[in-house]
Amino acid sequence: MFNFFKKKSDEKENNEKKSLKEVLSNTINSLVGNVINSVQNEKIDEFELENIETMLIKADLGVDLALEITEEIKNKNIKLSELKTFLKEKFSSILNIDKDDKLKFDKDKLNIYFVVGVNGAGKTTLIGKLANKFKKEGSKVLLVAGDTFRAAAEEQLDIWSQRAGVDILREDKANSAALVYKGIDKARIEGYNVVIIDSAGRLQNKFNLIEELKKIKNVILKKLQNDNLETILVLDGSQGQNGLNQALVFNEAVEIDSIAITKLDGSAKGGIILSIAKQLKLPAKLIGTGEKIDDLEEFNRSEFISALFE
Ligand SMILES: Nc1nc2c(ncn2[C@@H]2O[C@H](COP(=O)(O)OP(=O)(O)OP(=O)(O)O)[C@@H](O)[C@H]2O)c(=O)[nH]1
Ligand SMILES: [Mg+2]
């Protein structure tokens, strides 16, 4: 079997849990299988080059990157028998940005994760899964119900906090920036080592909402001591290239450190991971593979490449 991502012991017990290679099978087909299968001739002709380009765009690499790759195949005169190796090297170099693909974490520090993204991307679910992971690893975890915008958002986070067995700071009719301020104080005083901050889903074109996110980020920065801070943008992996535009807007507003791609179960649009690495030099660090608490994988570049090509 494909030993794709490190198996946790409890995963082995759960026979129903799919391997990431299985979860990503559609993405793997679209990024590699379909591209290679669109070529028949050892010397790739113009028509086949167009097919390759179409397949890469369909795999959600984005037009620019698809064009760049197709041009390179043409200019370097890559043959069909060399295509797989060429793609492997190309994808590896795109992912090989100068940033760690592990979440920042230091057990002796306060680790603050600020989670942002558009409505329905999967922020609150991801927070539940992350809380569970940190709790299991022995951290004292506090969730901050910073989504004070949508009705029932705090309730939803509360349910996740109970599932994960972690604490939550929530307040009715709270101002989100003020609540975050309190949350960080509480964490310091009461010795938490992980704080995960939920935020309201923003349409990236809603000026006020983006301004509020900036306010929260500023509060966090002001409160920062010798802590780790990671601002995580959650993208819906079934939305493909839309994610790139979202990433641009959010990155400009709150400076994103890493990307979590949710709903990659069943999606063929995982190419977005490459396109964001290429355009924004931002690493994917987490992958959501379902709606349950354990449906979370830590992204690892080299294992992703192995899964794609081996
Ligand atoms: N299949 C699948 N569904 C997911 C995943 N992550 C989240 N979902 C579902 O996506 C929907 C939205 O998730 P939420 O976590 O509420 O999204 P959100 O970003 O917090 O949404 P807002 O609070 O409205 O902005 C829910 O029905 C989740 O169960 C995933 O990895 N896979
Ligand atoms: Mg939410």
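This report describes the domains, the ligand shell, the central helix and strands, and several individual residues of one protein model.

The model is a predicted one.

## Domains and their contact

The chain is divided into domain 1, covering residues 20–95, and domain 2, covering residues 111–309. Between the C-alpha centres of domain 1 and domain 2 there is a separation of 32 Å. Contact between the two parts involves 22 residues of domain 1 and 23 residues of domain 2. On the side of domain 1 that touches domain 2, two or more residues are given by each of helix H2 (20–23), helix H3 (25–37) and helix H6 (80–95). Of these, H3 gives the most, with 7 residues. Sorted by class, this side of domain 1 has 12 nonpolar, 6 polar and 4 charged residues.

One residue of helix H3 can be followed in detail. Asn29 has its place in helix H3. Apart from residues up to four places away in sequence, Asn29 touches Asn34 and Ala268. Asn29 and Ala268 are 239 residues apart along the chain, and their C-alpha atoms are separated by 7.6 Å. Asn29 has 14 other C-beta atoms within 10 Å and is therefore partly exposed.

## Helix H7 and the shell around ligand 1

Helix H7 comprises residues 123–136, which makes 14 residues. From its first C-alpha to its last, H7 reaches 20 Å, close to the 20 Å expected at 1.5 Å a residue. Because 12 of its 14 residues are buried, H7 is largely enclosed by the rest of the structure. The buried residues of H7 include Lys123, Thr124, Thr125, Leu126, Ile127 and Gly128. Leu130, Ala131 and Phe134 are also among the buried residues of H7, as are Lys129, Asn132 and Lys133. Just after H7, Gly138 takes a positive phi of about 100 degrees.

Helix H7 also has a part in the surroundings of ligand 1. The shell around ligand 1 consists of 20 residues, and the closest are Gly122, Thr124, Thr125, Gly201 and Gly288. H7 provides the largest share of this shell, with 3 residues. By class, the shell around ligand 1 has 2 nonpolar, 11 polar and 7 charged residues. Thr124 and Thr125, listed among the closest residues to ligand 1, are buried residues of H7.

## Strand pairing

Several strands are joined by bridges, and the pairs are set out below.

| Strand pair | Bridges | Direction |
|---|---|---|
| S1 (residues 111–116) and S5 (residues 228–236) | 6 bridges | parallel |
| S5 and S6 (residues 258–262) | 5 bridges | parallel |
| S2 (residues 141–144) and S4 (residues 194–197) | 4 bridges | parallel |
| S2 and S3 (residues 167–169) | 3 bridges | parallel |

Strand S5 is joined both to S1 and to S6. Phe114 has Thr231 of S5 as its bridge partner, while Asp236 has Thr262 of S6 as its bridge partner.

Strand S2 is joined to S4 and to S3. Val144 stands opposite Ile197 in S4, and the bridge partner of Val144 in S3 is Leu169. In a regular strand, side chains alternate between the two faces of the sheet. Both faces of S2 are covered. Val141 and Leu143 are buried on one side, and Leu142 and Val144 are buried on the other.

## Two residues with positive phi

Most residues other than glycine have a negative phi. Asp60 has a positive phi of about 65 degrees although it is not a glycine. Its place is in the loop between helix H4 (46–58) and helix H5 (63–75). Asp60 has 27 C-beta neighbours inside 10 Å and so counts as buried.

Glu255, also a residue other than glycine, has a positive phi near 50 degrees. Glu255 is found in the loop between helix H11 (242–254) and S6. With 12 C-beta neighbours inside 10 Å, Glu255 counts as exposed. The two loop residues thus stand on opposite sides of the burial scale, Asp60 being buried and Glu255 being exposed.

Technical notes: Residues numbered from 1 in each chain as written. Chains lettered and ligands numbered in written order. Predicted model: local features only at pLDDT ≥ 70, side-chain atom pairs only at ≥ 80, totals over all residues. Expected span 1.5 Å × (residues − 1). Buried ≥ 20, exposed ≤ 12 C-beta atoms within 10 Å, placed from the backbone. Domains from an automatic or database assignment. Contact = placed C-beta atoms within 7 Å. Nonpolar A, V, L, I, M, F, W, Y, C, P; charged D, E, K, R; others polar. Near = placed C-beta within 6 Å. Pairing = 2+ DSSP bridges.
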